[in-house]
Amino acid sequence: MPPGFPMFAIHHATLLTPEDSVADALVLIDEGRIAAVDTAGVSPPEGIAVRDATGLLLAPGFIDLQLNGGFGLDFTAEPTTIWDVAAALPRFGVTAFLPTIITSPPAVARAAQRVLAGGPPGGWRGARPLGLHLEGPFLNPGKKGAHNPAYLRHASAADINGWSPETGVRLVTLAPELPWAGQSIVELARRGVVVSAGHSLATFDEATAGFDAGVRYATHLFNAMPTLHHREPGLVAAALADPRVTVGLIPDGLHVHPALVRLLWQWLGPDRLNLVSDAMAAMGMPPGDYVLGDFHVIVDDSARLDNGTLAGCVLSLDAVWRAFLGFSGVTPAEALPTITTTPARLLGLGNRLGRVAPGYDADLVLLSPDLRVVETFVGGESVYRA
């Protein structure tokens with residue numbers, strides 16, 4: 001939002017907070033930030049623009065930590081499409097996200113870094129990329145999923161040179177049991193990169209060693225890792241047991257059984273559970289043939305490689321959140337942190353994103369009573385209105 005943008009107000013919305021829902025809220029927005037929040041039924045100052053949100057719910061903007069593409073576009077195949085997808089994401093309530101680059105030649109990640117460093121095109125409006133999620137190439141071939149084994153490798157100091165939030169790399173998924181993984185974790189964490197365990201065959205002890213080294217996230221728990229076993233608990237149990245670790249989950253009804261979704265909520269609650277879309281190019285598009293990296297993906301009610309392997313998700317983050325509510329039985333207010341405050345805190349941005357509170361960025365979503373996106377604001381600017 002340019003400096004000097006006039007103050008305006010969102011009035012009469014029901015404010016969703018992690019604790020409750022508060023009726024008849026007033027939110028004042030000034031120069032892209034939240035200036036004040038009042039829930040006492042007061043009127044806005046005279047002379048400012050007012051968005052009457054009677055009958056609507058107001059929530060912080062949604063944050064997606066794993067998004068491979070959408071609207072027919074794939075970030076790994078074409079890193080230049082990041083800004084195109086970002087421009088369309090507010091229709092799903094997404095105001096910030098991590099464009100995800102899957103296992104590919106090193107030049108692809110470098111190209112994506114340049115796209116972010118170059119900034120958006122003139123006149124652009126949309127969801128803000130907060131940095132890249134590099135999912136690979138340091139993954140275990142035994143749990144490669146929809147990653148090309150030709151590009152998998154062990155990490156080295158040269159491989160991670162230039163990876164930091166300042167250069168556009170915010171999150172890295174790797175298998176902590178691989179050679180030089182421990183050194184990579186320590187160095188990336190030192191730079192402020194969030195390191196995640198995923199696509200891994202790590203034992204419980206290997207996973208715990210990764211957490212001790214600095215891993216703080218688990219990428220799409222249960223998927224691309226060994227099944228939980230009572231005598232060989234592995235990465236799943238290690239992630240669940242360690243309070244330092246935030247757990248990513250794709251609750252679309254395909255990647256994880258609804259019964260396990262309910263159990264995860266009971267085990268972790270909103271502070272350690274993060275919902276992601278893991279959406280691929282088919283998000284927002286009809287069934288058909290798409291790509292994920294350099295793989296052909298067949299999309300109908302799911303996205304799968306030719307051999308039947310799941311290849312990401314076709315649902316947007318708001319749809320994944322609604323599915324989670326149905327599976328878990330919790331209220332929207334209770335589950336809201338899983339796509340707002342929890343990912344913001346994981347990225348070290350909890351002091352400016354993920355809450356409707358004074359001083360925070362005015363990234364906001366107005367929702368209908370059935371939780372459909374009505375309007376999305378990024379930095380106080382309306383960037384989508386149904």
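This is a selection-by-selection tour of a predicted model, moving from strands and helices to the pockets and the cavity.

**Stop 1: strand β11 and its partners**

Select residues 132–135, which make up strand β11. Both faces of β11 are covered. L132 and L134 lie on one side, H133 and E135 on the other, and all four side positions are buried.

Add β9, residues 94–102. β9 and β11 run parallel and are paired over 3 bridges. To find the register, pick T100, whose bridge partner in β11 is H133.

Now add β12, residues 169–174. The pairing of β11 with β12 is parallel as well, with 4 bridges joining them. Here the residue to pick is L132, whose bridge partner in β12 is V169. β11 therefore has bridges to both β9 and β12, and L132 and H133 are buried.

**Stop 2: the second largest pocket**

Keep β9 on screen and add α2 (106–118) and α3 (157–160). Each of these three elements supplies at least two residues to the lining of the second largest pocket. α2 gives the most, with 4 residues.

To centre the view, select P106, A109, R153, D159 and W163, which lie nearest the centre of this pocket. The full lining has 18 residues, and the pocket volume is about 200 Å³. Coloured by class, the lining shows 9 nonpolar, 6 polar and 3 charged residues.

**Stop 3: the largest pocket**

Next select G145, A146, T309, L310 and A311. These are the closest to the centre of the largest pocket, among the 24 residues that line it. The volume of this pocket is about 390 Å³. Its lining divides into 11 polar, 9 nonpolar and 4 charged residues.

**Stop 4: the three-stranded sheet**

Select β17 (288–292) and β19 (303–305), then β18 (295–299). Together they form an open sheet of 3 strands in the order β17-β18-β19, with antiparallel pairing. β17 and β19 stand at the edges with a single partner strand each, so one side of each has no neighbour in the sheet. From one strand to the next, the twist averages 40 degrees.

Look along the β18 and β19 pair, which is antiparallel over 3 bridges. I298 stands opposite R304 in β19.

**Stop 5: helix α8**

Select residues 317–328, helix α8. From first C-alpha to last, its 12 residues reach 16 Å, close to the 16 Å expected at 1.5 Å a residue.

How many residues of α8 are buried? The count is 11 of 12, which leaves the helix mostly covered. The buried set includes the charged side chains D318 and R322, along with W321, F324 and F327. The remaining buried residues are L317, A319, V320, A323, L325 and S328.

Step one residue past the helix to G329, which follows α8 and has a positive phi, near 80 degrees.

**Stop 6: P270 and P337**

Select P270, which is placed in helix α7, residues 258–272. Is P270 buried or partly exposed? At 23% relative accessibility, P270 counts as partly exposed, because the range for that class starts where buried, under 20%, ends.

Then add P337. P270 and P337 are 67 residues apart along the chain, yet their C-alpha atoms are separated by 5.7 Å.

**Stop 7: the β21–β22 hairpin**

Select β21 (373–378) and β22 (381–385). The two strands are antiparallel and pair over 4 bridges. E375 has R385 in β22 as its bridge partner.

β21 and β22 form a hairpin with 2 residues between them. One residue to pick in the turn is G379, which has a positive phi of about 55 degrees.

**Stop 8: the cavity**

The structure holds 1 cavity of 30 Å³ or more. About 50 Å³ of space lies in the largest cavity. To show its walls, select P60, G61, I63, T95, A96, L353, G354, R355, D361 and D363. By class, this lining has 4 nonpolar, 3 polar and 3 charged residues.

How values were computed
Residues numbered from 1 in each chain as written. Predicted model: local features only at pLDDT ≥ 70, side-chain atom pairs only at ≥ 80, totals over all residues. Heavy atoms only, no water. 1 Å grid on protein atoms, 1.4 Å probe; cavity = no way out; pocket = protein on both sides within 12 Å on 5 of 7 lines; lining within 4 Å. Points joined across faces, edges and corners; volume = space filled by probe spheres on them. Pairing = 2+ DSSP bridges. Axes fitted to C-alpha atoms, helices over the stretch in contact; angles between N-to-C directions. Expected span 1.5 Å × (residues − 1). Buried < 20%, exposed > 50% of the residue type's maximum accessible area, 1.4 Å probe, protein only.
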